[in-house]
Amino acid sequence: MKKQNDQIWDVIVIGGGVVGCAVHRKFALMGAKTLLLERGGDILSGASKANSALLHTGFDAPPESLELACIQNGYREFMDIKDKMNLPLLQTGALVVAWSDEQLAKLPGIVEQAHRNGVMDVELIDKEEVYRREPKLAAGALAAVSVPGEAVMDPWSSPLAYLTQAVKHGASYQFHCEVESGALEQGMWVLQTKKGEFRARLVINCAGINGDIVESICHPSPFQIKPRKGQFLIYDKAAAEDINAIILPVPTAITKGVLLTKTIFGNLLLGPTAEEQDDRWKAEVKEEVLEDLIRQGSKMLPSLHNYTVTATYAGLRPATEEKHYRIADYPEKQWICVGGIRSTGLTSALGVAQHIASLYLQNFSPLFEFNPPQEIIWPQMPVLSEYHQRDYQHEHNGGIVCHCELVTRREIEAVFDSDIPPECLGGLRRRTRAMMGRCNGFFCSNKVAEIINDRFENTLAVEVLK
């Protein structure tokens, strides 16, 4: 898209993960001139691209914490806006299953904490009720905590909807635009990036895994990112029929543990692991860890042995040395930090954005004038959910290109005419699901390459020798 380096922005948001997109949207809807800068080639290029895609109630969040408030405010706002933007939700509920006497003893405390957090429909159920709801679980479950409000969402279309709505209200963005340095000069932030210089009156650091490095542009970072890797397995779509709810383990002091859940795309997901590492950028999938994941999953759901693993992936969480969100505002420096947003970020993003807007309005002298839109525009996102009506079910769709994920030619072509067209192959895949099925593009990549043509660097094309 067109560079706008000469413009003075009210707000620059650094980082195009789910939280950055939500914050960007919030300030745009308030009427600020807002720019988002992302170092990757698309939104969700960092930690946000690999998550469990769950909409959390906050039943197990630390009581009276900022994280809990953001989760629950985010949950409420998502439920309020999802239909307005055509965002799918699979309302499965969740079961926290105890498999040992030690875990069983912890269940009443989980219910008590949930009620303290205001999630009053959480209840303890006995093993007979567990197996009535989940007949294919392995033998040995003793009881469970039922959490009806937990749900499965689209982890990619939702953040894209936030950014799309921001753009429709005059906001802008730049991909491949890593922020390298900056300085506050005469009441104006001047940021140096891979695409030149950008100016803004307020900077909001939502850089995720790179958050402490970006924070050091303003001042010595009060926290250090300690990347935590999570590895996941995706099973073939038939496996998703073997569970009804999200199956959660009883958490430990270190991790929430390995879960089983349907995905909005019709598969079954198993994971994540929780592994500390130093590398911020490489999230390698390791065979021995995945084999252990399969063993853990099969102990909960023996029928997993009957299904094929169709995909594996790993992601990094921007954890810090403390187990809470690292959000702080610095009015004298015209800077707000949004750091340490861990696994709950997909749900809490809209709530975090509300909190950041409140911090600005309450603690900052006015740095710019808001010009809120007279009417809110609600973009309609393409539905990629297996559980909702898809484009291939409608006429004149151009035919199915990706048969694994039932992606039509019309869907692929439409993303290039959208407000935020993909600028890389990964962006195309996330927007359409093309080449993300069980064959990983083996059968459809040639057709996809033909449709892409010269819209961006086409890594699928092969030169024909004559």
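## Arg 431 and helix α10

In this predicted model, Arg 431 belongs to helix α10, which spans residues 425-432. The residue is buried, its relative accessible area being 7%, and its side chain reaches the backbone oxygen of Gly 427 at 3.0 Å. When neighbours within four places in sequence are left aside, the contacts of Arg 431 are Asp 42, Leu 160, Leu 384, Val 415, Ile 420, Pro 421 and Pro 422.

## The annotated span 400-453

An unreviewed UniProt entry carries the annotation "domain: BFD-like [2Fe-2S]-binding" for residues 400-453. In the model, this span is 43% helix and 9% strand, and its end C-alpha atoms lie 18 Å apart.

## The largest nonpolar core

The largest nonpolar core comprises 80 residues, and those with the most contacts inside it are Ile 204, Val 338 and Ile 356. Helix α8, residues 345-363, supplies the largest share of this core, namely eight residues. As a general background, nonpolar side chains in soluble globular proteins tend to be buried together.

The surroundings of Val 338 can be listed in full: not counting residues up to four places away in sequence, Val 338 touches Val 19, Ile 204, Asn 205, Cys 206, Arg 326, Ile 327, Val 352 and Ile 356. Among these partners are Ile 204 and Ile 356, which are also named with Val 338 as the residues with the most contacts inside the core.

## Cysteines without disulfides

The structure holds zero disulfides. For Cys 206, the closest cysteine sulfur is that of Cys 337 at 8.5 Å, and no bond is assigned because this distance is too far for one. Cys 218 likewise is in no disulfide, the nearest cysteine sulfur being that of Cys 337, 8.9 Å away.

Both cysteines are shielded in the sense of relative accessibility: Cys 206 counts as buried at 7%, and Cys 218 is buried with a relative accessible area of 15%. Cys 206 is also one of the residues touched by Val 338.

## A three-stranded open sheet

An open sheet of three strands follows the order β3-β8-β4, and its pairing is antiparallel. The edge strands are β3, residues 54-55, and β4, residues 89-90, each of which pairs on one side only.

Strand β8 covers residues 151-153 and pairs with β3 in the antiparallel sense over two bridges. Within this part of the sheet, Leu 54 stands opposite Val 152 of β8. In general, the strands of a sheet pair through backbone hydrogen bonds, in either a parallel or an antiparallel arrangement.

Technical notes
Residues are numbered from 1 along each chain as its sequence is written. This is a predicted model: local features need pLDDT of at least 70, side-chain atom pairs count only at pLDDT 80 or more; totals for chains, interfaces and linings use all residues. Side-chain values use heavy atoms; hydrogens and water are left out. A nonpolar core is a set of buried Ala, Val, Leu, Ile, Met, Phe, Trp, Tyr and Cys residues joined through side-chain atoms within 4.5 Å. Buried means under 20% relative accessible area, exposed over 50%, partly exposed in between (1.4 Å probe, protein chains only). Helices (H or I, at least four residues) and strands (E, at least two) are DSSP runs, numbered from the N terminus. Contact means heavy atoms within 4.5 Å. Two strands pair if DSSP finds at least two bridges between them. A polar contact is a pair of N or O atoms within 3.5 Å; within protein, one must be able to donate a hydrogen and the other to accept it, and residues adjacent in sequence count only if both atoms are side-chain atoms. UniProt positions are given in the numbering used here, feature names are shortened, and annotations may be inferred rather than shown by experiment. A disulfide is a pair of cysteine sulfur atoms within 2.5 Å.
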